[in-house]
Amino acid sequence: MKKYPFFFLVMLAGLWMQCSKEGVFQQRLILRYNAPASVWEETLPLGNGRIGMMPDGGIDTEHIVLNDITMWSGSEDSEAFSPDAITYLPEIRELLLAGKNLDAQKLMYSYFRCGGKGSSHGSGKDAPYGAFQTLGDLDVNYSYPSTGNYPPSGGVIGAYERTLSLNDAVAATQFNRDGITYTREYFASHADDVLVIRLTADRKESLSFEVKLSRPERATVSVKDNILYMEGQLNDGHDGEKGVRFLTQLEIVNNGGTLASSANSLSLSGADEAVILISNATDMLDKERLTTYSGYAGELLTRAKNTQYNRLKNSHVDVYREKFDRVELNLGKQDNITPTNERLIRFQRDDDPALAALYFQYGRYLMICGTREDNLPLNLQGLWANQVQTPWNGDYHLNINLQMNYWPAEVCNLSELHRGLTDFTVSLVPSGEKTAQTFYGAEGWVAHMMTNPWKFTAPGEHASWGATNTGGAWLCQHLWEHYAFTQDKTYLKSIYPVLAGAADFFLGSMIREPKQGWLVTAPSSSPENGFYLPRSREAVYVCMGPTMDVQIIKELFSNILSAAEILGIDDVTTAKIRETIPQLPPMQISPDGYLQEWLEDYEEVDPQHRHVSHLYGLHPSNQISPVTTPDLAEAARKTLDRRGDAGTGWSRAWKVNFWARLHDGDRAYKLLKSLLEPAYGSEVKMGSGGGTYPNLFCAHPPFQIDGNFGGTAGIAEMLIQSQDGYIHLLPALPSTWPDGSFKGLCVRGGAEADATWKDGKATRITLRARTGNTFQLKVPDQATAIKKNGKELPVENGFVPVGMTAGEELELEVVYPG
Ligand code: FUC
């Protein structure tokens, strides 16, 4: 027998133990490119939930876009609470009750809108509404040692690579120039809250570069004591002094070489190694945190400067990995060699399952790097923007987009990151109460279809899209879901008044429609689709009781009743809710078999509209299911067929989730494939269709991050579901993923699950309870038994009830015939 050294055997045993305990290993997950980025959508996003950067890996000049999630122009806008709108409300309602939606709409367009400019139709950077903006640009000009040849060769470049490792949230650029290998490493520290770039070369004294900071507007740059400063104040939209102030500081820590500065730049020549450190802070959250932004930026920089690079990097990686490694997904071996942009193009032909797994983990990466527990939520661009006027102001759209950003939070084991959204929701209440009073004379709180850090809750400036008033109630679903997954009763108690306040608004403002006597919202709209009234070709958006409103309100009401039972609350609100639920309209199936979007079976202006709002009940809610409501599920199927599989990035992502909830794995996969459609040609020209950019950012187009998160959540929905009170493993596994495993996905009730499957059948399941609970595990189709320690567990109506104590882990084996 061949002899192996003892240490080798010990190492093998250690590996095996880790394997069997942790399930599959986290694979190396790398985005790779073999050229510098030529457009922003090829650059690689780094972030720590507060600050971020996107380097392009240029050879002679490098452009790095910098970001801070609090870089918001604008300020509070008291004008938005239009005092006149309410005087038109009775007439608008009368017209709606009389079926004169067009006339109601005309009044709405003129009067029932926010006062002032609202979001300025998406160009609000200089309006009070404001816009999320880029922090600025870091430009690096490199000079290289002369080769001594004459005439100068200009440099021969070889072995270029640009990578982003999802395992440790570190990007790198490496290339060889005239025989010298240059390496740059970049990360946004999760531990020390600064941006770090380290430059090295494998020959001494080879590093020379100049760095500059700039911003398209509102910034001054200066240098003092070899520190580069960029500071300024954004427009508050009132020509006032209330705009967000920011300060960026940059310093170079060098090993060898000569450091010099000019009035607006720093330069280093002939160094062996250099670390560029960048800190940034704004005063947006100063009041809440009792800090001074300028002091904070300085402190961060000083601390980082006094920490060795390896320690900075290691502590960053440790903090990041604690979150990232909670979940693994193995759908096959990762190809970490082929450039990601080529893999994405090939995916349309080769269905590489490992690319889907990479995309899934990229969504988790973007969440860990884009949002924090104690800061603003992920906006339309997450944390990343390269413009001062971002598309749609880079704000928080509440009729799908902001919510979609957080769909993966719970199931993908990043529950604490949900706080960015749940705390933000709570912070909207005072403004929402004012909006409820001002526009509807109603109690409670309401937010319409868009908001910003200045707590804009009024209707949007155009009622065709701005009238939807269930934005805040939809956010309340997230408040509840956080409880459903964590079972944290103290938290539930703290958010109960927010749920109740949202319900109070509807309880006090719904009206009775005349045909059936149902209680409905009015005026409202079904995001952002219109319809034709009989014998008219004029598009109408304003309506009563669109299906989505009813579904959101029903869910809010039932979550409140569940919360009230858990917390032992029985009050006026719960009594009213019990009385009101039976008076809400039911979901209606049209004569053609699809689910109606409105109370009436109107003809849609756009039957293929990207929003599929009336399927809110299928996903993210659980009011439509192939198991509990097969007729409605069939109507949902018809609705989706009618809507078609095309759409903007996020629309495709939502459809992945819909089909997963309908347990149709192959159709969910088809949509996933279309979400991953390259939004660029072979020459990396940005196309005009939805899909995915070379850096795996989602293309609405333009870049909008919701589709990334919707896609990640959709993959999770294909692998595990728990919305109906039981754990359903592999509910929508596509035939392209016959074998695989996952670890650490979370279920409602408070547990984590791991699963391994072969030939499409789950074979091993591990459950880890976070809270003591009894979990109902659905016996997989075709299975004959579920065994624990070789013993069969009792099955009740197709489910195995598993009672677990907090912290307990259970390994189960699934038995199939033969
Ligand atoms: C909603 C969508 C658009 C876009 C915008 C940010 O209005 O209808 O497609 O996503 O939000």
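A polar contact is a pair of N or O atoms within 3.5 Å. That cut-off applies to tryptophan 650, where a polar side-chain atom lies 2.9 Å from an oxygen atom of the ligand. The structure is a predicted model.

Two histidines also approach the ligand through polar atoms. In histidine 611, an N or O atom of the side chain is 2.6 Å from a ligand oxygen. For histidine 700, the distance from a side-chain N or O atom to an oxygen atom of the ligand is 2.6 Å. Taken alone, the ligand exposes 290 Å², and the protein buries 97% of that.

The residues around the ligand include Leu380, Trp392, His397, Asn401 and Glu528. Arg610, His611, Trp650, His700 and Gln704 are also among them. By class, this shell divides into 3 nonpolar, 5 polar and 2 charged residues.

Enclosed space was examined next. Rolling a probe the size of a water molecule over the atoms shows where empty space is left. Across the whole structure, the search finds 9 cavities of 30 Å³ or more. The largest cavity has a volume of about 220 Å³. Its lining comprises 19 residues. Nearest the centre of this cavity lie Trp407, Glu481, Phe485, Glu717 and Arg748.

Several elements contribute to the lining of the largest cavity. Helix H10 (408-411), helix H14 (471-486), helix H19 (649-661), helix H21 (706-719) and strand E26 (720-721) each supply at least two residues. H14 provides the largest share, 4 residues. The lining of the largest cavity has 7 nonpolar, 7 polar and 5 charged residues.

The second largest cavity has a volume of about 90 Å³. It is lined by 14 residues. Arg661, His663, Gln721, Gln723 and Asp724 lie nearest its centre. By class, the lining of the second largest cavity divides into 4 nonpolar, 8 polar and 2 charged residues.

Open space was considered separately. The second largest pocket holds about 550 Å³ of space. Its lining consists of 29 residues, of which Trp480, Ala484, Ser722, Gln723 and Arg748 lie nearest the centre. Arg748 is thus listed nearest the centre of the second largest pocket and also nearest the centre of the largest cavity. Gln723 is listed nearest the centre of this pocket and likewise nearest that of the second largest cavity.

H14, helix H16 (547-567) and strand E31 (773-778) each supply at least two residues of the lining of the second largest pocket. H16 gives the most, with 6 residues. H14 therefore serves two linings under the 4 Å criterion for lining residues, that of this pocket and that of the largest cavity. The residues lining the second largest pocket divide into 8 nonpolar, 15 polar and 6 charged.

Sheet architecture was then traced. Strands of a sheet pair through backbone hydrogen bonds, either parallel or antiparallel. An open sheet of 7 strands runs in the order E17-E28-E29-E30-E35-E32-E33, with antiparallel pairing. Strand E17 (328-330) and strand E33 (791-792) are the edge strands, each pairing on one side only. Within the sheet, strand E32 (residues 785-788) runs antiparallel to strand E35 (residues 809-815), and 4 bridges join them. One bridge partner pair is isoleucine 786 with valine 814 of E35.

Definitions and conventions. Residues numbered from 1 in each chain as written. Predicted model: local features only at pLDDT ≥ 70, side-chain atom pairs only at ≥ 80, totals over all residues. Heavy atoms only, no water. 1 Å grid on protein atoms, 1.4 Å probe; cavity = no way out; pocket = protein on both sides within 12 Å on 5 of 7 lines; lining within 4 Å. Points joined across faces, edges and corners; volume = space filled by probe spheres on them. Nonpolar A, V, L, I, M, F, W, Y, C, P; charged D, E, K, R; others polar. Near = heavy atom within 4 Å. Polar contact = N/O pair within 3.5 Å; in protein donor to acceptor, adjacent residues only side chain to side chain. Areas by Shrake-Rupley, 256 points an atom, 1.4 Å probe, with all protein chains shown as cover. Pairing = 2+ DSSP bridges.
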